[in-house]
Amino acid sequence: MLEPEQIVRLEQDAVVLLDQRLLPGEVVEVRCGTPVEVATAIRTMVVRGAPAIGVAAAYGLALAAVRGDDLGAADAVLRASRPTAVNLAWALDEMASDPSPEHARAIHAAEVERCRQMAAHTADLLSPGTRALTHCNAGGLATGGYGSAVGALLTAFERGLLAHVWVDETRPLLQGARLTAWELETAAIPHAVIADAAAGSLMAAGEIDCVITGADRIAANGDAANKIGTYSLAVLARHHDLPLYVVAPSTTLDLGTPSGGSIPIEDRDPAEVTARFAARNPAFDVTPAALISAIVTERGVHRAPYAESLSGAVAA
Ligand code: MRU
């Protein structure tokens, strides 16, 4: 398993990121010497995943402070780098009062600790022999260490509860086929990558027991934005009477946003889908709370009605 500082770290003169665009084929680091370079790395997905981009932004602001840069300008450029994951704004809000490297490192360490707590709570929901389906990458790469949905799978495997993981390849950028599969292989967890469109038929065949995903932003009513395709999985899971568990830290909760309709959804370059024809590339979708069996944060397992159960769970 990757150590947190192998994924994202602050050195004296740079934020250093493992280049997730090249994994698993090449293990290469990118050095960002300015906050603008950190913002570019977030936008171009050198680093990606909701908590990980929050951590990278926190380090970016700390780098600005060390360099004596204009902190307002650094905050603005980092904040604008990607719109959907609320962890980015959360981390920058946290850093506003104390933009020191120590504070950014403490934010990073706290995210990893939240992952371990969420993982334990989620594993409590699973029975021996579980065959889980996951989408995108909600692993250590996405959180800065250990992972949310994949962290839950790691803990479930350690407890002897997990038999197999189905990994949605996650078109168009293949976070599942490249990153989640790599993390599961490293942990020696039995897994198989499937085309995104294969999930329904595997559910119908009785080969999936539950769906476990992360989230990028969860509204006050429990509606959850996550990687495009999560909503389709949620509809399929409901049709086949399978639970969908959303595993996300309290830093992903946005209780100021009443429902999913107000969550900004990133539209990325259509060329990521196809460069040959006209294309549309929404990067996230919103799963209505009614399709979510439980939201698991570091505080525990939250059930509907989420307006009540999430209200006490915001990040300290
Ligand atoms: O576009 P990405 O790769 O940043 O999207 C990431 C996801 O959708 C993850 O599922 C989400 O951030 C949760 S990560 C713990």
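Accessible areas here come from the Shrake-Rupley method with a 1.4 Å probe. Run that over this predicted model and the protein chain shows about 11900 Å² of accessible surface, with 54% of it belonging to carbon and sulfur atoms. Buried residues, for their part, make up 56% of the 316 residues.

Let's stay with the whole chain for a moment. It holds 12 helices and 14 strands. Its radius of gyration is 18 Å, close to the 20 Å that the globule rule gives for 316 residues, so the chain is as compact as a globular protein of that length. If you'd rather think in box dimensions, the C-alpha trace spans about 60 × 45 × 40 Å along its principal axes. How do the contacts spread along the sequence? Take those with a separation of 6 or more: residues 24 or more positions apart account for 74% of them. As for charges, there are 23 positive and 37 negative ones, and their mean positions sit 3 Å apart.

Now zoom in on strand 10, residues 244-247. Which way do its side chains go? Leu-244 and Val-246 point one way, Tyr-245 and Val-247 point the other way, and all of them are buried. Strand 10 has partners to look at too. It pairs with strand 7 (residues 210-213) in the parallel sense, over three bridges, and Val-211 is the residue standing opposite Leu-244. Strand 13 (residues 294-297) also runs parallel to strand 10, joined to it by three bridges. There, Ile-295 stands opposite Val-246. So when you trace strand 10 in the viewer, Leu-244 leads you to strand 7 and Val-246 leads you to strand 13.

The antiparallel side of the story runs through strand 9, residues 224-227. Strand 8 (residues 217-219) is joined to strand 9 by two bridges, and the two run antiparallel. Arg-217 faces Ala-225 across that pairing. The hairpin formed by strand 8 and strand 9 has four residues between the strands, and Gly-222 takes a positive phi there, near 95 degrees. Strand 9 also pairs with strand 12 (residues 284-287), again in the antiparallel sense, this time over four bridges. Ala-225 turns up here as well, with Val-286 as its bridge partner in strand 12. Handy residue to click on, then: Ala-225 has Arg-217 opposite it in one pairing and Val-286 as bridge partner in the other.

Over to the helices, with helix 5 (residues 87-96) as the example. Which of its residues are buried? Asn-87, Leu-88, Trp-90, Ala-91, Leu-92 and Met-95 are. To read a list like that, recall that an α-helix has 3.6 residues a turn, so residues three or four places apart point the same way. The cover over the buried residues of helix 5 includes helix 2 (35-43), helix 3 (50-67), helix 4 (71-79) and helix 6 (101-123).

Next stop is strand 6, residues 191-194, where you'll find Val-193. Is Val-193 buried, partly exposed or exposed? Its relative accessibility is 40%, and because the partly exposed class lies between 20% and 50%, Val-193 counts as partly exposed. Leaving out residues up to four places away in sequence, Val-193 touches Val-167, Glu-169, Ala-177 and Ala-181. Asp-168 is worth a look as well: it is 25 residues from Val-193 in sequence, yet the C-alpha to C-alpha distance is 5.9 Å.

Finally, some backbone details you may want to check before setting anything up. Where are the cis peptide bonds? One runs from Leu-23 to Pro-24, with omega near 0 degrees, and Pro-24 is found in the loop between strand 2 (15-18) and strand 3 (29-32). Another joins Ala-304 and Pro-305, with omega about 0 degrees; Pro-305 lies in the loop between strand 14 (300-302) and helix 12 (306-309).

Positive phi angles turn up in residues other than glycine too. Cys-136 has a phi near 60 degrees and lies in the loop between strand 4 (130-134) and helix 7 (140-143). Ala-188 has a positive phi of about 60 degrees, in the loop between helix 9 (175-186) and strand 6. What about their surroundings? Cys-136 is buried, with a relative accessible area of 6%, whereas Ala-188 is exposed, at 57%.

Notes: Residues are numbered from 1 along each chain as its sequence is written. This is a predicted model: local features need pLDDT of at least 70, side-chain atom pairs count only at pLDDT 80 or more; totals for chains, interfaces and linings use all residues. Side-chain values use heavy atoms; hydrogens and water are left out. Buried means under 20% relative accessible area, exposed over 50%, partly exposed in between (1.4 Å probe, protein chains only). Contact means heavy atoms within 4.5 Å. The radius of gyration is taken over C-alpha atoms; the globule rule is 2.2 Å times the number of residues to the power 0.38. Lys and Arg count as positive and Asp and Glu as negative; His and the chain ends are not counted. The place of a charge is taken as NZ of Lys, CZ of Arg, CG of Asp or CD of Glu. Two strands pair if DSSP finds at least two bridges between them.
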